[in-house]
Amino acid sequence: MKDRRISYFRQKGDAYIMGTSLGLVLSLLMVAFILGVILVKGLGFFWPSDLLYLQLKDGKHYLGEVTDREESVRFSESGEPLHIQEVQLKIGNRDLYGLDFVWIDLSDVVEQTYPAHAITIERLEYGNFYGFPQKVRWGERQWEVHHPDFPQQLRRLHHQAVANRKQIARLEKQLNRLLEPLSHVERAISLLEISPEAQTPEGRRKMQQLEEQIRQLETAIREPYTRLTRQLESRYQENRQLVLSLITADKQVKEIPLEKIVRCYFPNQMGFFQKASLYASKLWEFVSADPRESNTEGGIFPAIFGTVLMVLIMSIAVVPFGVLAAIYLCEYARPGPVVRLIRLSINNLAGVPSIVFGIFGLSFFIYMIGGSIDQLFFSSKLPEPTFGTGGILWASLTLALLTLPVVVVATEEGILAVPQANKEAALALGATRWQMIRKIILPNAMPGILTGLILAISRGAGEVAPLMITGVVKLAPSLPLDTTFPFLHLDRKFMHLGFHIYDVGFQSPNVEAAKPMVYTTALLLILLVVVLNLIAIRMRNHLRKKYKMAAF
Amino acid sequence: MKPKRSLSTDISSFRLRTYRRDRRARWIITLAGYGIILSIVLIFVYLVKESLPLSFGASVQKWFGWGLPRDENVLLTGVDSYQEVVYVLTAGGKIKFFRMRDKALIQQDSLPLFPGEHLLSASKGSLQQEWFAVGTDSGRILTALIRFIPHYTDTGRVILPQTSLEETFFADPGQAAGHVERLVFRRNEEGQRFWLWETHTGELFLRHSDTEFEEVYRVSIPRPWGEHTLTALTMSYSGEHIAFGTSGGEVYWFRYADGEVVLQDRFQESEMPVSALSYLIGDNALVVGDTDGRVSVWFPVYGPSQIYKMQPIHRFRSHPAAVEQIYPSPRNRNFLTIDTRGNAHLNYSTTGRTQLEFQPASNRIQAAAIAPKANGIVVVDAQHRIGHFLLDNPHPEITLKTLLGKVWYEGYPRPAFVWQSTGGSDAFEPKFSLVPLIFGTFKGTLYAMVFSVPLALLAAIYVSQFAPYWLSRLVKPTVEIMAALPSVVIGFLGGLYFAPLFEQHLTAILIFLIMLPGVFLIFILGWRQVPESHRLRIPIGWELWFTIPVALLAISLSLTLAPYIEQGFFGGDLKQWIYMTLGMTYDTRNSIVVGFALGFAVIPIIFTVAEDALSNVPDSLTSASLALGASRWQTVRRVVLPAAAGGIFAAVMLGFGRAVGETMIVLMATGNTPIIDLSPFNGFRTMSACIAVEIPEAPVGGTLYRVLFLTALLLFTFTFIINTLSSVVGERLRKKYARF
């Protein structure tokens, strides 16, 4: 062979080493970028930003929050590069303008100010309102904006309207409860009317009984009914009189009933700490309140609750199964085809696409097991399914199957970390194998089991695809856990953080307005998953250290 | 050993208890171990169980038959949707209803005929309702409707038939005694009625009554077939198309619109006379049967000459005798062909398959009908025997060819791979080609792998071989967290953040692909100029401080230069340029976005497994190489990489498996259009996303439901193979290095 001359530089391979490090750098940059995007967009949403008032060359006026700034290079007709600065303004007032956002070229702007008396109003409907308040009215009495009492009065009357609104909701609930037996009977009547039984004499007699029942019920509830409606009417009356009148940037007059206002504030007058406290209260609303406006506003409490509950049920199912299987692999099974087969199954359970678990859950849990349960125990309700449709139990079980390998692998690692000497000592003292497992292995492998549990929870919390077909809904009418018997409703559908992201981000009618909400939800989900994973990683590292100690 | 009393009894019972407990525990734990195998087997079994019925063919089972009183010939028959009551229409104008259960005549209605008047021809007018019209030998046409009204009593359901005469008119008012020899009647969904008939003099007429506007049109029809005679005629159920078959084997296709009948096309299947014609549901496909027993389906295809031409699409198994009757199914593209010797074939138009061949009678069949739910067939033979057949044919549209091959669907210019599971109307034909989904799955996976494999493997090599300890201790948890990021978040970012961002900075991204290696090379050349004594003084792990500026510089350069390059080379708008020059449209949610998002999800998997494999190469090997004077890079290149090749392969495989099955990312970051197109600028639909999107709307047990299970089974099998392969390779590797 010829003596090939390779330059010393190439032999040393600095360039290649640098090339490999470039792969790492790009991957890390991507992680940083993605986390940064979520962090900024998710956290920024609730910060009460100042209201910018713009007057354009063509005489248009805008008032809103700056949501984005962009600089770009475009070319004029003659090929000259032009540097263009644009701002995206959230102008709100959806009921007046129809669109929430406008892009404005800063070179068109004549005047930019941050007017002190500009107000941000968060409403129950139609999103935010930006404008200038004129006066607040309570029937005949009214306070102009320049009146020294105005801010005080606004706050007081707003509180009053909101209190009324809550009272109204309470009263309406009472009224519904009062009318509930009546509607039951009415439903029975309408069912009877369409059934073939109606024509028979038997059916007619039944019908008369039901009608008699209705009359009795009506007389029984007449007195509380009139009382409640009178109370309701007076509250309605008062709230109709509580009105804030405003003027928008382009001089349109708008009157907003105070009860429709969630929150109003003058961002341009607020200091940092005022803003921070407002931020905190908005954040609290986000995690604790129910969603509004088809999930694009308000809070995500039901989704958090649903996720947590589902993960809990999943853990109850997966941990015993996974731990027992891991014990079998480590303590009972002898190396051979069975163990190989089990390991293969674990590998495959870990590798099978999650949607396949979903479709399996649909056919096995829902149609097969759920359908049988309905036949056996809920046949009176059929054809309306009780367990034969998606629900939190089936979703949890499906995810339990999905997260099984995580628990098994982590538990195995924990069990292997238990020093052999301890086990042998226990056996030598006459303990049965089960006693040894219970007293030596399980306590010592606890960190491993917990690691598995935490990893399973983090996986389960972030998984969406199988849930979509086994019981998650965009808006659940009631939580799966409540105060009516049997308290835990395993058959109910539920909301889920991950599905909330998909649904609001991709299926809501106004995606642009819903985006910030999705970023914040995503941030919450990521925080949850990252924190869980960090705990798991710490525990596992601790375990590995222990394992090393035990090995040597 | 005899047990003594007291203490020892206690001990032995304690022992017994302990022993039992131990045995029970062993039993339960073993069960749990086997439970894992069981669960994967269960998943497989359920996927198979739900998708297997697709492969069951059609079957027909004679339920029962009985003889009718032999009086008059039967012209029509039909059955209600519960298959409880069957009716026959006789030449004497009687409609007899029989209850299937006890073969009892439960009702008999008569059409108001003149004394001595007989029916010559009859035709059903609709696939959904029992409309029919009859032509008599005194030149009248009577139109009637039969309703089957279910009544519910204590003992169960009772079907009460009800006949109502809707319309009567003289076929040719000028000629009182004209015979209506052949008649086709149609009533379409808008309530318009069409009668097409031939008199005994051979003249053709069309009457069209529009009930909404109370207008009646009467149209005479051209007869362009010269010396041949008319042997068959039919009309589509919308009343829009008319077809005539002649003794010369020719078929003439006319269109009826605005009171005019216009010839569209003529075609010829064979020299033999056409003996039967019928349109199928959807009013597009025309079944042609001839006296030799040949059966074929034709439909108009939009040709290159900008007009519709009839084309032969499918040929079916031939009958041994002349095809006499054709009955289209009211539910799907099934149709029943019957020959003069009483043989019946059940064919499915789209698949071109003759599903069933059976002989309901040994002699001529007078009339037959397919039940409204397409689950039964009623036949009346020449000896006045009624036969009722139960038809079990749940998925006629599925064959291996429709799932995986090109199929020529009605309205398409050529055979194609199409996935389109739901449509607007009853006549819509679901199209279940898995090819676009499989293609989409691999397209997405390919883009993801192209993006992720180089990055992940380079990073794994660096972290395992060159990085200082503090860096790898930092990187590993980071990557693990990256792996834990929920795919819904990545998908959401891909679809709502990166898709618009990429669209805006498309030029910059494309430039970056060139810029990065360029800047890197320049830096390397610069580095080479540094004297070696200085170079060697730099500690290990400094590479990052070299490459981070490279990456940042490349990014910022691409962003700054992009508008100038776009203006200079691509006329100011790259997307426009792509469309004009390459003929590709640019979708916002395209393969590049998915490749990025999916790749991001796959990188941690490949990285972790590959890094493990690389770190596990025994130190003795690397030490030996270094001791022989090889540089670090040479050691990695010649010793570590070959040794870890299996593990790296397993890593790539695992990443591949994950990318194939990933659902949420592709669901959110692509447009989910099931197209076959290699262009990186448009989207696709993957199998997993298709399941997620369509299974909630699929009726349980329906064809779509089962096809989606089949898709899931495919995914399962595929990932199973990949996972098994990678775990086998991993196992080998472990064994191989166990000896070092």
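I began by fixing my terms: two strands pair if DSSP finds at least two bridges between them. I also kept in mind that this is a predicted model.

**Entry 1: a sheet in chain B, strands 6 to 9**

With that rule in hand, I went to strand 6 of chain B. I found five bridges joining strand 6 to strand 7 (residues 130-136) of chain B, and the two run antiparallel. I picked out one pair to look at on screen: B:Lys124 stands opposite B:Phe132 in strand 7 of chain B.

Next I asked which sheet strand 6 belongs to. The answer is an open sheet of four strands in chain B, ordered 6-7-8-9, with antiparallel pairing. Strand 6 (119-124) and strand 9 (156-170) of chain B are the edge strands, each pairing on one side only. I noted that neighbouring strands in this sheet are turned by 25 degrees against each other on average, direction ignored.

**Entry 2: another sheet in chain B, strands 18 to 21**

Further along chain B I came to an open sheet of four strands in the order 18-19-20-21, with antiparallel pairing. At its edges I found strand 18 (274-279) and strand 21 (308-316) of chain B, and each of them pairs on one side only. Here the average turn between neighbouring strands is 25 degrees, direction ignored.

Inside this sheet I followed strand 19 (residues 286-290) of chain B, which four bridges join to strand 20 (residues 295-302) of chain B in antiparallel fashion. B:Val287 has B:Val297 of strand 20 as its bridge partner.

**Entry 3: strands and domains of chain A**

I then turned to chain A. Six bridges join strand 7 (residues 128-138) of chain A to strand 9 (residues 242-247) of chain A, and the two run antiparallel. One bridge I checked there puts A:Pro133 with A:Leu246 of strand 9.

Strand 9 of chain A also pairs with strand 10 (residues 253-257) of chain A, antiparallel and over five bridges. In that pairing, A:Leu244 stands opposite A:Ile256 of strand 10. I looked at the link too: strands 9 and 10 of chain A form a hairpin with five residues between them, and A:Lys251 in the turn has a positive phi of about 65 degrees.

For the wider layout, the domain assignment splits chain A into domain 1 (51-132), domain 2 (150-269) and domain 3 (303-551). How far apart are the C-alpha centres of domain 1 and domain 3 of chain A? I read off 47 Å.

**Entry 4: where the chains meet**

I looked up the contact between the chains and found 88 residues from chain B and 79 residues from chain A. Helix 1 (residues 6-51) of chain B supplies the largest share of chain B's side, 21 residues. By class, that side of chain B has 60 nonpolar, 21 polar and seven charged residues.

B:Leu47 sits in helix 1 of chain B, so I used it as a test case. Is B:Leu47 buried or exposed? B:Leu47 is buried, because 24 other C-beta atoms lie within 10 Å and the cut-off for burial is 20 or more. Setting aside neighbours within four places in sequence, B:Leu47 is in contact with A:Phe360, B:Phe709, B:Ala712, B:Leu713 and B:Phe716. I liked the link to B:Leu713: the two are 666 residues apart in sequence, yet 5.6 Å apart in space, C-alpha to C-alpha.

**Entry 5: the nonpolar cores**

The largest nonpolar core has 207 residues, and those with the most contacts inside it are A:Ile359, B:Ala597, B:Ile606 and B:Ala610. Helix 10 (residues 591-615) of chain B gives the most to this core, with 17 residues. I listed what B:Ile606 touches beyond four places in sequence: B:Ser452, B:Val453, B:Ala456, B:Leu457, B:Ala651, B:Val652 and B:Gly655. A second, separate core of 87 residues includes B:Leu127, B:Val134, B:Tyr327 and B:Phe335.

**Entry 6: B:Thr199**

My last stop was B:Thr199, found in strand 11 (residues 193-199) of chain B. B:Thr199 counts as partly exposed because it has 18 C-beta neighbours inside 10 Å. Apart from neighbours within four places in sequence, its contacts are B:Ala171, B:Asp172, B:Gly178, B:His179, B:Val180 and B:Glu181. I also took the C-alpha separation from B:Ser126, 73 residues away along the chain, and got 23 Å.

Methods:
Residues numbered from 1 in each chain as written. Chains lettered and ligands numbered in written order. Predicted model: local features only at pLDDT ≥ 70, side-chain atom pairs only at ≥ 80, totals over all residues. Domains from an automatic or database assignment. Axes fitted to C-alpha atoms, helices over the stretch in contact; angles between N-to-C directions. Contact = placed C-beta atoms within 7 Å. Nonpolar A, V, L, I, M, F, W, Y, C, P; charged D, E, K, R; others polar. Core = buried A, V, L, I, M, F, W, Y, C linked by C-beta atoms within 7 Å. Buried ≥ 20, exposed ≤ 12 C-beta atoms within 10 Å, placed from the backbone.
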